[in-house]
Amino acid sequence: MTAETVESLKKFQIEYELFDGVVGRQGVQVLGNHGVNPSAHVPMQHWTDGTIGCLASHYSVWHKCAQQDEPFLILEQDGVLIRDPREILPLVTHACHLDAYLPFESGNDAQFEVYNENLTRFEPGVKKHPTNNFYIGNDITGSTFRGSYGYIITPRGAQDVLNFVSKYGAFPSDKCLCERATPIQRANSSYVRLNKFFSTLKLQKDYSLRE
């Protein structure tokens, strides 16, 4: 999957840097080095090894971004670039999800066909991230990203997220990217898609970091 992600970046002649993700419970030490503890609002049984490693990986990149002068395009290994996001870069103020039509929102496999069809639709620009209830218990976070496989974050947005985690503790990576931490946006068209490998709910569940 990483090879497919890299090829999609090369297609648009985007220079990139591979970041070795943190594996599982190694993330406990990585997060500890940053003084990060899990939020009291997240049940401990939700902290699977995959969720911990994923958070530690993203947190490390947010920390690096906050110290830079330029925004970061962050792609997980299952995110594939399908349009050049540089055309909306001036519109991103803090953090912007790059998939306008998320897969499996209806909770059935037929949604994936709809998802593939929607990827061809184009509407320029970005908008405020839609309200959602992807996670139970959003009293602290408000609406959140749904998946962190492809997004742009600015240094200001990254610092906001770091400040939020410092105040409330850590949530899963996509829940840290929430409206109570920083103004979140979503592109009006999909610039990143979930890898085609995830064509059924079973595949998504079997390979989920939450399992």
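How many disulfides does a search of the whole structure find? The count is zero. For a reader at the bench, it helps to keep in mind that the model discussed here is predicted, and that a disulfide is a covalent bond between the sulfur atoms of two cysteines. Two cysteines illustrate the result. C54 takes part in no disulfide, and the nearest cysteine sulfur, belonging to C176, is 9.8 Å away. Since a disulfide requires two cysteine sulfur atoms within 2.5 Å, that separation rules out a bond for C54. C96 is likewise in no disulfide, its nearest cysteine sulfur being that of C65 at 14 Å. Both side chains can also be placed with respect to the surface. C54 has a relative accessible area of 12% and is therefore buried, the limit for this class being under 20%. C96, with a relative accessibility of 0%, counts as buried too.

Aromatic residues offer a second way into the structure. Six aromatic pairs are counted. One of them joins F145 and Y151, whose ring centres are 5.8 Å apart. The planes of these two rings meet at 75°, so the pair is edge-to-face, as planes over 60 degrees apart fall into that class. Are the two partners buried or exposed? F145 is buried because its relative accessibility is 0%, and Y151 is buried on the strength of a value of 0% as well. Elsewhere in the sequence, one aromatic cluster is formed by F164, Y168 and F171.

Attention now turns to the surface. Here M1, F197 and Y207 make a nonpolar patch of about 290 Å². Where does F197 lie? F197 is found in the loop that runs between strand 7 (192-194) and helix 7 (201-206). With a relative accessibility of 33%, F197 counts as partly exposed, a class that covers values between the buried limit of 20% and the exposed limit of 50%.

On the other side of strand 7 in the sequence comes another loop, which links strand 6 (184-187) to strand 7 and contains S190. The relative accessible area of S190 is 0%, so this serine is buried. What lies 3.0 Å from a polar atom of the S190 side chain? The backbone nitrogen of A100 is found at that distance. Thus strand 7 is flanked by a loop holding the buried S190 and by a loop holding the partly exposed F197.

Definitions and conventions
Residues numbered from 1 in each chain as written. Predicted model: local features only at pLDDT ≥ 70, side-chain atom pairs only at ≥ 80, totals over all residues. Heavy atoms only, no water. Phe/Tyr/Trp six-rings, centres within 6.5 Å; stacked < 30°, edge-to-face > 60°. Buried < 20%, exposed > 50% of the residue type's maximum accessible area, 1.4 Å probe, protein only. Patch = residues over 30% accessible without salt bridge, like charges linked within 9 Å, V, L, I, M, F, W, Y side chains within 5 Å. Areas by Shrake-Rupley, 256 points an atom, 1.4 Å probe, with all protein chains shown as cover. Salt bridge = Lys/Arg side-chain N within 4 Å of Asp/Glu carboxyl O. Helix = DSSP H or I, 4+ residues; strand = E, 2+ residues; numbered from the N terminus. Polar contact = N/O pair within 3.5 Å; in protein donor to acceptor, adjacent residues only side chain to side chain.
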